[in-house]
Amino acid sequence: MNTKDFQQEIIAFFENIDKYYGSKTEITEGLCTDMKNLDANLTTWNLSEFDLIRSAYRKTGEKLMMEGRNMYYEISADRIIGFEQTGRHKFEFIELYGNSVFRITKIRFHYKY
């Protein structure tokens, strides 16, 4: 997939995210140093759940933001090296934070339609 298609898919995701407002949202975040070996023992995982209230793009700092009650999550747009829809209402972002430091963000919306 070329970079322009990749960017268009991310833009489309955030342009349509408002349909998920009010939906339970699960974010599973993993930090790893080897994308080819996502062994659970070598990756640090966190899970957050909240009802999505709003989303935005923060131009200063190039951050994609999702917010729930007592919850705020950002993805650095300029660090995204991977994005795909992994299932119905499931998405995955991969960000590169150093030569070998990756953050995987898996988002699942519990959406009734």
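A pocket, as the word is used here, is an open set of grid points at which a 1.4 Å probe fits, with protein on both sides within 12 Å along at least five of seven lines. In this predicted model, the largest pocket holds about 290 Å³ of space. Its lining is made up of 12 residues, and Gln7, Ile10, Ile11, Tyr57 and Ala77 are those nearest its centre. Helix H1 contributes most to that lining, with 6 residues.

The sheet may be considered next. Seven strands form an open sheet in the order E4-E3-E2-E1-E7-E6-E5, and their pairing is antiparallel. Strands E4 (71-76) and E5 (80-87) occupy the edges; each has a single partner strand, so one side of each lacks a neighbour in the sheet. From one strand to the next, the twist averages 35°. Strands of a sheet are paired through backbone hydrogen bonds, in either a parallel or an antiparallel sense.

At the E4 edge, strand E3 (residues 63-68) is joined to E4 by 6 bridges, the two running antiparallel. Within this pair, Leu64 lies opposite Ile75 of E4.

At the other edge, 6 bridges link E5 to the antiparallel strand E6 (residues 90-98). Here Ile80 has Glu95 in E6 as its bridge partner. The hairpin of E5 and E6 has 2 residues between the strands, and His89 adopts a positive phi near 65° in it. Strand E6 also pairs with strand E7 (residues 101-110), in the antiparallel sense and over 8 bridges. In this second pairing, Glu95 stands opposite Arg103 of E7. E6 and E7 likewise form a hairpin, with 2 residues between them.

The helix and the sheet come together in the nonpolar core. The largest such core comprises 20 residues, and Phe13, Ile17, Met66, Ile75, Phe93, Ile107 and Phe109 have the most contacts inside it. At least two of its residues come from each of helix H1 (3-15), strand E2 (44-58), E3, E4, E5, E6 and E7. H1 provides the largest share, 4 residues. In soluble globular proteins, nonpolar side chains tend to be buried together.

Which residues does Ile75 touch, leaving aside those up to four places away in sequence? They are Glu62, Lys63, Leu64, Met66, Ile80, Phe93, Glu95, Arg103, Thr105 and Ile107. Among these contacts are Leu64, the residue opposite Ile75 in the pairing of E3 with E4, and Ile80 and Glu95, which are bridge partners of one another across E5 and E6.

Notes: Residues numbered from 1 in each chain as written. Predicted model: local features only at pLDDT ≥ 70, side-chain atom pairs only at ≥ 80, totals over all residues. Heavy atoms only, no water. Pairing = 2+ DSSP bridges. Axes fitted to C-alpha atoms, helices over the stretch in contact; angles between N-to-C directions. Core = buried A, V, L, I, M, F, W, Y, C linked by side-chain atoms within 4.5 Å. Buried < 20%, exposed > 50% of the residue type's maximum accessible area, 1.4 Å probe, protein only. Contact = heavy atoms within 4.5 Å. 1 Å grid on protein atoms, 1.4 Å probe; cavity = no way out; pocket = protein on both sides within 12 Å on 5 of 7 lines; lining within 4 Å. Points joined across faces, edges and corners; volume = space filled by probe spheres on them.
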